[in-house]
Amino acid sequence: ESVELHPRPGALGEYVPPADEIQEAIAAIWREMLGIEQVGIHDSFFELGGHSLLATRVVSRLRRILGVGLRVGMMFETPTVAGLAERIRDLASSGDASNAQANLLEEIEGLSEEEARRILMEDKGNGDASEPPTVR
């Protein structure tokens with residue numbers, strides 16, 4: 001799907017472009033999901049129009065692309081591309097798979113049944129979250 005992109009809000013301050021691959025990956029996902037032409041590394045996800053449901057989708061996408069145990073709560077703790085990239089680098093460099101798994105399990109346990117079903121359907125490419133996935 002192509003998304004119509006809108007100019008970056010001028011009230012956000014000076015645009016600072018992504019400086020590395022991780023920042024670029026985050027910015028690209030935000031551009032696509034928020035429909036903003038330019039996402040700077042110091043722009044706040046929430047000031048760009050992001051919200052908790054969209055944050056869940058962003059984190060799910062980043063987990064798949066970057067292979068890290070990112071928690072949705074990190075979007076609220078560090079809502080900028082630069083901050084999130086730093087957290088991702090920390091997770092990746094720690095190499096602590098059990099910590100990442102524990103964080104992910106904590107996040108999953110905190111989801112409502114409706115949220116979990118929606119995420120599962122989204123990941124399977126099925127837009128209808130009203131039906132549970134078939135277990136084989």
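Modeller: Buried means under 20% relative accessible area, exposed over 50%, and partly exposed in between, with a 1.4 Å probe and protein chains only. This is a predicted model, in which local features need pLDDT of at least 70, side-chain atom pairs count only at pLDDT 80 or more, and totals for chains, interfaces and linings use all residues. Residues are numbered from 1 along each chain as its sequence is written, and side-chain values use heavy atoms, leaving out hydrogens and water.

Colleague: Is Phe45 buried or exposed?

Modeller: Phe45 counts as buried because its relative accessibility is 0%. Phe46, at 27%, counts as partly exposed.

Colleague: How many aromatic pairs are there?

Modeller: Rings of Phe, Tyr and Trp (its six-membered ring) pair if their centres lie within 6.5 Å; planes under 30 degrees apart count as stacked, over 60 as edge-to-face and the rest as tilted. The count here is three. Phe45 and Phe46 are edge-to-face, because their planes stand at 85°, with ring centres 5.1 Å apart. Phe46 and Phe76 are stacked, at 5.0 Å centre to centre and 25° between the planes.

Colleague: Which residues do ring pairs link into a cluster?

Modeller: The cluster holds Trp30, Phe45, Phe46 and Phe76.

Colleague: Which side chain shares a polar contact with the side chain of Arg8?

Modeller: A polar contact is a pair of N or O atoms within 3.5 Å; within protein, one must be able to donate a hydrogen and the other to accept it, and residues adjacent in sequence count only if both atoms are side-chain atoms. The partner is Asp43, at 2.7 Å. A polar atom of the Arg8 side chain also lies 3.0 Å from the backbone oxygen of Gly13. Arg8 counts as buried, at 14% relative accessibility.
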